[in-house]
Amino acid sequence: MGKGFASINNVKIKVAVIGIGYLGTRHAQIYSKIPGAELSFICDINIEKAANLAKELNTKATSDFKEIIKNKVDAVSVVVPTNLHYKITQELLQNKIHCLVEKPITPCLKEAQKLINLAKKNNLILSVGHVERYNSAFVAVKKIIKDPCFIECHRLAPFSGRSLDISVILDLMIHDIDIALGLIKSSVKSIDAIGVKVLTNHEDIANARIKFNNGCICNLTASRISDEVMRKIRIFENDTYISLDYVKQEASYYHKENGQIKKENLPIEKEPPLERELKDFLSCITEQRNPLVSGVEARLALKTAFEIENKIRNAK
């Protein structure tokens with residue numbers, strides 16, 4: 001996964017990026033270097049910024065995403081504020097354009113379901129940017145995980161000034177919510193959560209404890225006001241323990257052997273997760289298969305994130 005993809009009938013896939021903040025710029029830069037992809041457009045309401053990046057990447061710029069539709073691109077990365085996800089993605093899907101939408105998929109479940117239905121109706125790929133699924137360390141670890149009984153996640157970051165229209169639950173914790181829901185083959189039984197607003201009008205630090213019907217418990221902590229960057233997950237099974245660092249893309253595997261605990265550092269072939277994700281998105285188009293996180297998985301993560309937010313706000 002992530003090494004490349006086949007073009008459609010040896011014709012390059014025409015891609016565009018809508019929204020060129022920090023993350024959207026990375027999307028555009030990566031697409032411009034992927035063989036088999038043609039970066040056809042960069043779109044942003046700041047046309048001067050879009051034009052400068054377009055010149056750098058040898059492509060065209062526009063401030064109106066409808067111009068992208070008129071020029072019949074094949075696929076688009078939607079990297080705009082969350083409140084615009086539905087409006088833009090809906091119109092793209094209606095015009096038979098495959099979409100990769102950054103997380104969270106939409107601001108509400110109803111809109112998420114409408115996008116899922118529209119993609120299905122038009123036989124289109126709807127991928128959602130839960131990029132940790134593509135982290136090289138997680139890809140290696142997932143192969144050996146069998147039946148988790150306890151998972152602990154920490155996702156801490158300094159205050160960046162980005163994504164302030166949503167809480168830290170929807171901004172950061174949702175990555176770990178998605179990972180946990182993908183690993184634990186059971187439905188959610190109950191949720192306990194606390195959170196605090198510090199620098200914004202939404203929760204900036206939060207902790208949630210999710211209990212699943214099979215008995216597994218997941219403890220998640222997220223902060224966007226930390227001094228340090230930390231993105232780690234620890235997964236406990238009956239006779240093994242796995243520790244993973246998303247930032248370093250490293251993982252260790254602990255297991256019993258002859259009455260002792262043995263540690264193994266897993267061999268990991270590192271590759272930038274976003275690059276793996278974008279290559280996989282394009283591969284899904286050519287191979288007509290589902291992405292790791294489609295609208296269905298993204299909606300489930302969003303639903304759980306909302307339940308955590310509601311627990312916090314109802315307690316207050």
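**Exercise 1.** In which sense do strand β12 (residues 240-245) and strand β13 (residues 250-257) pair, and over how many bridges? Work on the predicted model shown above, and then follow the chain through the turns on either side of β13.

*Solution.* Step one is the pairing itself: β12 and β13 run in the antiparallel sense, and 6 bridges connect them. One position that fixes the register is D245, which stands opposite E250 in β13.

Step two concerns the hairpin of β12 and β13, which has 4 residues between the strands, and there Q249 adopts a positive phi near 55 degrees.

Step three moves on to strand β14 (residues 260-265), which is joined to β13 by 6 bridges, again in an antiparallel arrangement; here Y254 has K263 of β14 as its bridge partner. The hairpin of β13 and β14 has 2 residues between the strands, and N258 in the turn has a positive phi of about 55 degrees.

**Exercise 2.** Place these hairpins in their sheet: what is the strand order, which strands stand at the edges, and which helices lie on the sheet?

*Solution.* Begin with the order, which is β8-β9-β10-β7-β11-β12-β13-β14 in an open sheet of 8 strands with mixed pairing. The edge strands are β8 (188-196) and β14, each of which pairs on one side only. From one strand to the next, the twist averages 10 degrees.

Within this order, strand β11 (residues 230-236) is joined to β12 by 5 bridges and the two run antiparallel, with F236 having Y241 of β12 as its bridge partner. Helix α7 (residues 168-183) packs on the sheet, where it touches β7 (150-156), β8, β9 (205-212), β10 (217-223) and β11, and its direction makes about 155 degrees with that of β10. Helix α9 (residues 295-315) lies across β8 and β9, and runs at about 55 degrees to β8.

**Exercise 3.** Describe the sheet that has the order β3-β2-β1-β4-β5-β6, explaining why one side of β3 and one side of β6 lack a neighbour in the sheet.

*Solution.* The sheet is open, has 6 strands, and its pairing is parallel. Its edges are formed by β3 (60-62) and β6 (126-129); each has a single partner strand, so one side of each is left without a neighbour in the sheet. The twist averages 20 degrees from one strand to the next.

At the β6 end, strand β5 (residues 98-102) pairs with β6 in the parallel sense over 4 bridges, and E102 stands opposite G129 in β6.

Now add the helices. Helix α1 (residues 22-31) lies across β1 (13-18), β2 (37-43), β4 (75-78) and β5, at about 165 degrees to β1, whereas helix α4 (residues 85-94) lies across β1, β4, β5 and β6, at about 170 degrees to β5.

Finally, take one residue of the sheet: I13 lies in strand β1 and, because its relative accessibility is 0%, it counts as buried. The C-alpha atom of I13 is separated by 7.4 Å from that of A75, although these two residues are 62 apart along the chain.

**Exercise 4.** How do the axes of α1 and helix α8 (residues 273-287) cross, and which residues make the contact?

*Solution.* The geometry comes before the residues: the axes of α1 and α8 come within 10 Å and cross at roughly 60 degrees, and the crossing is right-handed. On the α1 side the contact is made by L23, R26, H27, I30 and Y31, and on the α8 side by L274, E275, L278, F281 and L282. Sorted by character, the residues of this contact comprise 7 nonpolar, 1 polar and 2 charged.

**Exercise 5.** How many disulfides does a search of the whole structure find, and why does the sulfur of C284 form no bond with that of C99?

*Solution.* The search finds 0 disulfides. For C108, the nearest cysteine sulfur belongs to C99 and is 17 Å away. For C284, the closest cysteine sulfur is likewise that of C99, and because it lies 13 Å away it is too far for a bond; the cut-off for a disulfide is a pair of cysteine sulfur atoms within 2.5 Å.

As a last step, consider accessibility: C108 is partly exposed, with a relative accessible area of 27%, whereas C284 is buried, with a relative accessible area of 0%.

Terms used: Residues are numbered from 1 along each chain as its sequence is written. This is a predicted model: local features need pLDDT of at least 70, side-chain atom pairs count only at pLDDT 80 or more; totals for chains, interfaces and linings use all residues. Side-chain values use heavy atoms; hydrogens and water are left out. Two strands pair if DSSP finds at least two bridges between them. Axes are lines fitted to C-alpha atoms, for helices over the stretch in contact, and angles run from 0 to 180 degrees between N-to-C directions. Contact means heavy atoms within 4.5 Å. Buried means under 20% relative accessible area, exposed over 50%, partly exposed in between (1.4 Å probe, protein chains only). A crossing is left-handed if the near helix is turned anticlockwise from the far one by less than a right angle, and right-handed if clockwise. Ala, Val, Leu, Ile, Met, Phe, Trp, Tyr, Cys and Pro count as nonpolar, Asp, Glu, Lys and Arg as charged, and the others, Gly among them, as polar.
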